[in-house]
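Below are my comments on this entry, set out as numbered points for a colleague who will want to check each one against the coordinates.

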Amino acid sequence: MTKSALIAGSTGLVGNELLQVLLQKDYDKIYALVRKPLTIKHPKLVEVICDFDQLDNMEAHFAVNHVYCCLGTTIKKAKSKGEMVKVDVDYPYMMAKLAKKQKVEHFVIISSMNANARSKLFYPRIKGLLEDKLKTLSLTSLSIIRPSLLLGERQEKRRGERAGIKLYQLLSPFLSDDKKNKFAVEAKNVAIAMAVIPEKEVNGVTIYTSEEIAAIVNNHRGNQSITT
Ligand SMILES: NC(=O)c1ccc[n+]([C@@H]2O[C@H](COP(=O)([O-])OP(=O)(O)OC[C@H]3O[C@@H](n4cnc5c(N)ncnc54)[C@H](OP(=O)(O)O)[C@@H]3O)[C@@H](O)[C@H]2O)c1
């Protein structure tokens, strides 16, 4: 039986790492919904240039086993709160609705640490809002990843993020592993965890914090060293 996946956000920090990991897995086809052409080519990879305001037209591509959503933006890039909500809430929610229609087995999405629809802060509030909306869909299996600060090489300059990463680098020699994960997590590890999660059949909603991401990655690395 063939196995396929769809990914959105594969040009981003986590999404790009995730695409590389998924291409090594046992999928026969991976559909990448993108706004602009990807720089990589691979026999399993099907690039689908997409206008995310017209996601409805993409329904046929959602006839896959697993859907991964790594979409997101910043207020600086989006230029308004409304535009940011479109990318961080409306598009992922639309994707989840299409996944539901196509009876996708597992929907995996990145939200954020502290996501809470009742938060006074805009970013955790919209992430919480998205999570609440996704939960209403009763997807077969919904995995919500809530990473702390993401670590990784980014072309774009994000001042706030950089300051957080500098602080993390200063403090990390004095922090326990658990505290380090609470503070920040490698984008690559988020990607590994996202790819591993659907390998176990778990129905309903599961939320993964950075500490749980680290545990999944450690376990995965342990299993790999046993089999190699
Ligand atoms: N940064 C952090 O420390 C942090 C912490 C916790 C959670 N998160 C969340 O984790 C997720 C992934 O973060 P990341 O840093 O990997 O994201 P990223 O590097 O900013 O990548 C975002 C992805 O979303 C796509 N995107 C943005 N605007 C779009 C639009 N209008 N239409 C279609 N696609 C659009 C981008 O595509 P293009 O290349 O076409 O722009 C890109 O593929 C986000 O939801 C973020 O909020 C981030």
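1. Strand 4 and strand 5 run parallel and are joined by four bridges, with H66 standing opposite H106 in strand 5. Please keep in mind that this is a predicted model, so that each point below is a statement about computed coordinates.

2. On its other pairing, strand 4 is matched with strand 1, again in the parallel sense and over four bridges, and here A5 stands opposite H66. Both faces of strand 4 are covered: H66 and Y68 on one side, and V67 and C69 on the other, are all buried.

3. Strand 5 also pairs with strand 6, in the parallel sense and over four bridges, and within this pairing I110 is set opposite I145 of strand 6. Strand 6, which spans residues 141-146, pairs in turn with strand 9 over six bridges, likewise parallel, and S141 has G204 in strand 9 as its bridge partner. Strand 6 is mostly covered, since five of its six residues are buried.

4. Taken as a whole, the sheet is an open one of seven strands with parallel pairing, in the order 3-2-1-4-5-6-9. Its edges are strand 3 (45-49) and strand 9 (204-209), each of which pairs on one side only, and the twist from one strand to the next averages 15°.

5. Two helices that pack on the sheet deserve a remark. Helix 1 (residues 13-24) touches strand 1 (4-8), strand 2 (29-34), strand 3, strand 4 (66-69) and strand 5 (106-110), and its direction makes about 165° with that of strand 1. Helix 7 (residues 187-196) touches strand 4, strand 5 and strand 6, and its direction makes about 165° with that of strand 5.

6. Is E131, a residue of helix 4 (residues 122-135), buried or exposed? Its relative accessible area is 2%, and because the limit for a buried residue is under 20%, E131 counts as buried. Leaving aside neighbours within four places in sequence, E131 is in contact with S111, A115, I144, R146 and I207, and the reader who is concerned with a charged side chain in such a setting may wish to inspect these contacts in the model.

7. How many cavities of 30 Å³ or more does the structure hold? There is one, and the space in the largest cavity comes to about 30 Å³. Its lining consists of C69, L71, D88, P92, I109, I110, K127 and L130, and the elements that give two or more residues to that lining are helix 3 (81-101), strand 5 and helix 4. By class, the lining of the largest cavity divides into six nonpolar residues, no polar ones and two charged ones.

8. The second largest pocket has a volume of about 290 Å³. Twelve residues line this pocket, and V196, I197, K200, I216 and N219 are those that lie nearest its centre. Helix 8 (residues 210-227) supplies the largest share of the lining of the second largest pocket, namely six residues. The lining of this pocket comprises five nonpolar, five polar and two charged residues.

Notes. Residues numbered from 1 in each chain as written. Predicted model: local features only at pLDDT ≥ 70, side-chain atom pairs only at ≥ 80, totals over all residues. Heavy atoms only, no water. Pairing = 2+ DSSP bridges. Axes fitted to C-alpha atoms, helices over the stretch in contact; angles between N-to-C directions. Contact = heavy atoms within 4.5 Å. 1 Å grid on protein atoms, 1.4 Å probe; cavity = no way out; pocket = protein on both sides within 12 Å on 5 of 7 lines; lining within 4 Å. Points joined across faces, edges and corners; volume = space filled by probe spheres on them. Buried < 20%, exposed > 50% of the residue type's maximum accessible area, 1.4 Å probe, protein only.
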